[in-house]
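Here's a quick briefing to read with the sequence and the 3D view side by side. Take a look at the picture before diving in.

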Amino acid sequence: MTSAKLPEQCETMIDVRAGVDQVDRALVALLVRRFGYMDAAARIKTDRGSVRDEARKAEVLDNVAREAEAAGLEPERLRAVWNELVEQSIAYEATRWDRLRADS
């Protein structure tokens, strides 16, 4: 498989779409890893109430906003994306926590 062109090298929408598709594949791989950490958290946490940690959620969103701004992106746009990611991660972790305890 050949590497997609960098955004500044794109000359056609085919180039753009190939780049987006390549980035999406990489993002899915990273999300698989991130959700693996949710599996680990579900295994490690002994109290289901600790699955939702609002202070940690705020820290993650602040970190992302800071990174986005430093990279020249709109912090609030990335904060909104990450808010959904964190909420889905919490829901996933809660489901995994329940399943792990049900199997015991």
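Let's start with one residue: glutamate 93 is buried, with a relative accessible area of 3%. Here, buried means under 20% relative accessible area, exposed means over 50%, and partly exposed is anything in between (1.4 Å probe, protein chains only). Before going further, keep in mind that this is a predicted model: local features need pLDDT of at least 70, side-chain atom pairs count only at pLDDT 80 or more, and totals for chains, interfaces and linings use all residues. Residues are numbered from 1 along each chain as its sequence is written, and side-chain values use heavy atoms, with hydrogens and water left out.

**The overall picture**

- The chain has three helices and zero strands, so what does its radius of gyration say? At 18 Å, that radius is well over the 13 Å that the globule rule gives for 104 residues, so the chain is more spread out than a compact globule.
- For the record, the radius of gyration is taken over C-alpha atoms, and the globule rule is 2.2 Å times the number of residues to the power 0.38.
- Helices (H or I, at least four residues) and strands (E, at least two) are DSSP runs, numbered from the N terminus.
- Measure along the principal axes in your viewer, and the C-alpha atoms should fill a box of roughly 55 × 30 × 15 Å.- Of the 104 residues in the chain, 21% are buried.
- Contact means heavy atoms within 4.5 Å. Take the contacts between residues at least 6 apart in sequence, and 65% of them join residues at least 24 apart.

**Surface and charge**

- About 7,800 Å² of the chain is exposed, and carbon and sulfur atoms supply 58% of that area. Accessible areas come from the Shrake-Rupley method with a 1.4 Å probe; for residues, only the protein chains shown count as cover.
- The chain carries 17 positive and 20 negative charges, and their mean positions are 5 Å apart. Lys and Arg count as positive and Asp and Glu as negative, while His and the chain ends are not counted. Each charge is placed at NZ of Lys, CZ of Arg, CG of Asp or CD of Glu.

**Helix 3 and its buried residues**

- Helix 3 covers residues 75-102, which is 28 residues. From its first C-alpha to its last, helix 3 reaches 40 Å, close to the 40 Å expected at 1.5 Å a residue. That expected span is 1.5 Å times one less than the number of residues in the helix.
- Which residues of helix 3 are buried? They are Leu85, Val86, Ser89, Ile90, Glu93, Ala94 and Trp97.
- An α-helix has 3.6 residues a turn, so residues three or four places apart point the same way.
- The buried residues of helix 3 pack against helix 1 (13-44) and helix 2 (54-70).
- Back to glutamate 93, which is found in helix 3: leaving aside neighbours within four places in sequence, glutamate 93 is in contact with Met38, Ala41, Ala42, Lys45 and Val51.
- Serine 89, also found in helix 3, is buried with a relative accessible area of 2%. Not counting residues up to four places away in sequence, serine 89 touches Arg34, Phe35 and Met38.
- Valine 81 is another residue found in helix 3, but at 49% relative accessibility it counts as partly exposed. Valine 81 and alanine 94 are 13 residues apart in sequence and 20 Å apart in space, C-alpha to C-alpha.

**Helix 1**

- Helix 1 has 32 residues and reaches 46 Å from its first C-alpha to its last, close to the 46 Å expected at 1.5 Å a residue.
- Where do the buried residues of helix 1 pack? They pack against helix 3, and they are Asp15, Gly19, Phe35, Met38, Ala40, Ala41 and Ala42.
- Glutamine 22 lies in helix 1 and counts as partly exposed at 26% relative accessibility. Along the chain, glutamine 22 and valine 86 are 64 residues apart, and their C-alpha atoms are separated by 23 Å.

**Helix 2 and the loop after it**

- Glutamate 69 lies in helix 2. Is glutamate 69 buried or exposed? At 55% relative accessibility, glutamate 69 counts as exposed.
- Glutamate 69 and alanine 26 are 43 residues apart in sequence, and 22 Å apart in space, C-alpha to C-alpha.
- Glycine 72 is found in the loop between helix 2 and helix 3, and counts as exposed at 64% relative accessibility.
- The C-alpha atoms of glycine 72 and arginine 101 are separated by 44 Å, with the two residues 29 apart along the chain.
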